[in-house]
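User: Please take a close look at the protein surface around the DNA strand, and explain the terms as you go.

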2 protein chains.
Amino acid sequence: MTSHDNDAFKPIATVDLAIFSLSPAGLSVLLVRRANAPFSGGWALPGGWIHIDEDADLEAAARRVLKEKTGVETPYLEQLQSTGSRNRDPRGWSISIVYIALLSADDVAERQDALAGEAEWRPIEGEGVGLSLAFDHASLLKEAIGRIRSKVEYSSLPGHLLPVHFTLSELQSVYETLLGRKLDKSAFRKRMAEADFLEPVEGEMRRASNRPAQMFRLKDAQSLALFDRRI
Amino acid sequence: MTSHDNDAFKPIATVDLAIFSLSPAGLSVLLVRRANAPFSGGWALPGGWIHIDEDADLEAAARRVLKEKTGVETPYLEQLQSTGSRNRDPRGWSISIVYIALLSADDVAERQDALAGEAEWRPIEGEGVGLSLAFDHASLLKEAIGRIRSKVEYSSLPGHLLPVHFTLSELQSVYETLLGRKLDKSAFRKRMAEADFLEPVEGEMRRASNRPAQMFRLKDAQSLALFDRRI
DNA sequence: AGTCTTAGTGTAAATCTTCAACTAAGTTAG
DNA sequence: CTAACTTAGTTGAAGATTTACACTAAGACT
């Protein structure tokens with residue numbers, strides 16, 4: 001039939017991940033040092049070939065890479081976009097399907113030391129990490145950051161970066177960090193109540209030298225709640 | 001190195017398009033009849049292999065397919081999502097990068113008869129076309145319809161389905177068709193003014209047996225304007 | 001017991017929506 | 001020639017929502 005039935009005409013297919021978490025410096029992304037050519041020794045987003053014998057589908061491939069690099073199995077995971085071109089990989093026409101993963105602070109704390117090999121959390125500054133990245137990963141990361149910033153405006157996204165239990169003040173503070181602006185407390189609480197994605201953890205209170213605060217958890221740790229309006 | 005340098009381990013890579021336009025019956029999508037196995041004779045979204053010798057990148061591949069099927073070169077085009085799995089194509093592990101294209105009514109009118117081969121506009125009913133489609137195309141189409149319906153709420157999307165010149169009343173009517181509900185005239189006009197994606201065509205008026213209406217065009221026929229709030 | 005701090009609620013003023021009426025500008029019928 | 005008709009485009013009052021900020025609540029610390 002056509003020449004494209006021949007494997008030599010197939011593009012390379014990879015899955016790459018922008019894995020985010022909160023560090024003291026704010027939103028951070030996991031980068032790995034490449035062991036092999038091309039860009040050997042350079043920083044890149046974690047990723048890898050699709051293993052057609054092992055991965056049932058694209059999302060399974062993304063989860064496999066995530067588990068290999070972080071040990072985390074059930075994060076928030078969403079497909080961002082795909083890029084593909086003749087030039088992005090010197091080895092040939094290549095496609096990358098990019099996923100965004102959000103790790104809860106608990107996941108990060110547990111695996112602190114167990115980070116696979118040459119991996120490192122880098123804080124986001126502006127539209128990137130102030131580092132040049134392999135392939136077109138700087139551009140992919142920029143898109144991922146844009147998507148995250150955009151979704152903070154109208155979704156429960158920040159809830160996926162906190163520990164499993166948190167207070168409303170802590171949640172508001174994450175929204176403020178990611179948005180880069182202060183929010184009104186009563187308006188914030190009204191939105192959270194309307195969006196209906198939190199449930200109080202009965203009896204659990206955050207105690208300090210002040211009035212104790214009710215702790216909450218996400219009703220669903222895998223899905224995003226969308227607001228009717230911007231926050 | 002790894003076994004994946006061997007082409008036999010690469011997935012199949014295709015680009016598929018959900019091409020929409022407005023017909024008298026409302027939003028419609030272009031379907032083609034498959035000439036070859038698998039699903040020979042069945043309806044499918046237009047698409048095809050990525051030609052690594054010919055296509056510079058994914059979007060170029062999408063534009064090539066679009067031009068082959070419709071003759072249109074500069075539509076509104078946006079990437080929807082990618083699917084990929086072991087099962088979706090009987091020939092093997094396969095990836096599809098799906099694009100949404102919106103054709104202006106002018107484009108459709110010009111090419112009415114020149115539709116390539118066995119292609120046909122089918123009106124959208126509910127979440128599909130009331131027809132079973134090849135591969136997982138019914139599911140891809142459902143996602144595309146969902147994306148369109150969602151974007152009508154907060155973007156200039158409907159403007160890309162009209163002729164190049166149109167009145168505000170015509171635009172409002174498209175919003176109403178796609179949303180399935182009536183909108184308030186003054187609120188609608190206020191949103192359009194705020195979103196600032198239209199410009200009046202000086203001197204051009206729609207004339208009928210009533211007060212003439214100012215005609216407008218999109219400031220940018222390739223990009224979408226996003227509203228601050230829902231319409 | 002009083003002070004301090006953060007949690008959580010209440011409220012008045014400002015803004016935005018909704019609904020519907022009103023004016024504008026043409027064509028058509030008589 | 002003029003009145004009736006139709007759709008374009010604007011205006012405004014009533015109601016709903018948002019915003020800004022102050023207030024009350026509940027604990028720890030001195």
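Analyst: In this predicted model, an N or O atom in the side chain of K190(B) lies 3.5 Å from a phosphate oxygen of DNA strand C, a polar contact being a pair of N or O atoms within 3.5 Å (within protein, one must be able to donate a hydrogen and the other to accept it, and residues adjacent in sequence count only if both atoms are side-chain atoms). Local features need pLDDT of at least 70 and side-chain atom pairs pLDDT 80 or more, whereas totals for chains, interfaces and linings use all residues. Side-chain values use heavy atoms, without hydrogens and water, residues are numbered from 1 along each chain as its sequence is written, and chains are lettered from A and ligands numbered from 1 in the order in which they are written.

From chain A, a polar side-chain atom of S169(A) is 2.9 Å from a phosphate oxygen of DNA strand C. K185(A) instead has a side-chain N or O atom 2.4 Å from a base nitrogen of the strand. Both S169(A) and K185(A) are among the residues that come nearest, out of 20 around DNA strand C; a residue counts as near if one of its heavy atoms lies within 4 Å. Of the strand's atoms within 4 Å of the protein, 65% belong to sugar or phosphate and the rest to bases.

By class, this surface has nine charged residues (Asp, Glu, Lys and Arg), four nonpolar (Ala, Val, Leu, Ile, Met, Phe, Trp, Tyr, Cys and Pro) and seven polar (the others, Gly among them). The largest share, five residues, comes from β10(A).

Key. Helix = DSSP H or I, 4+ residues; strand = E, 2+ residues; numbered from the N terminus.
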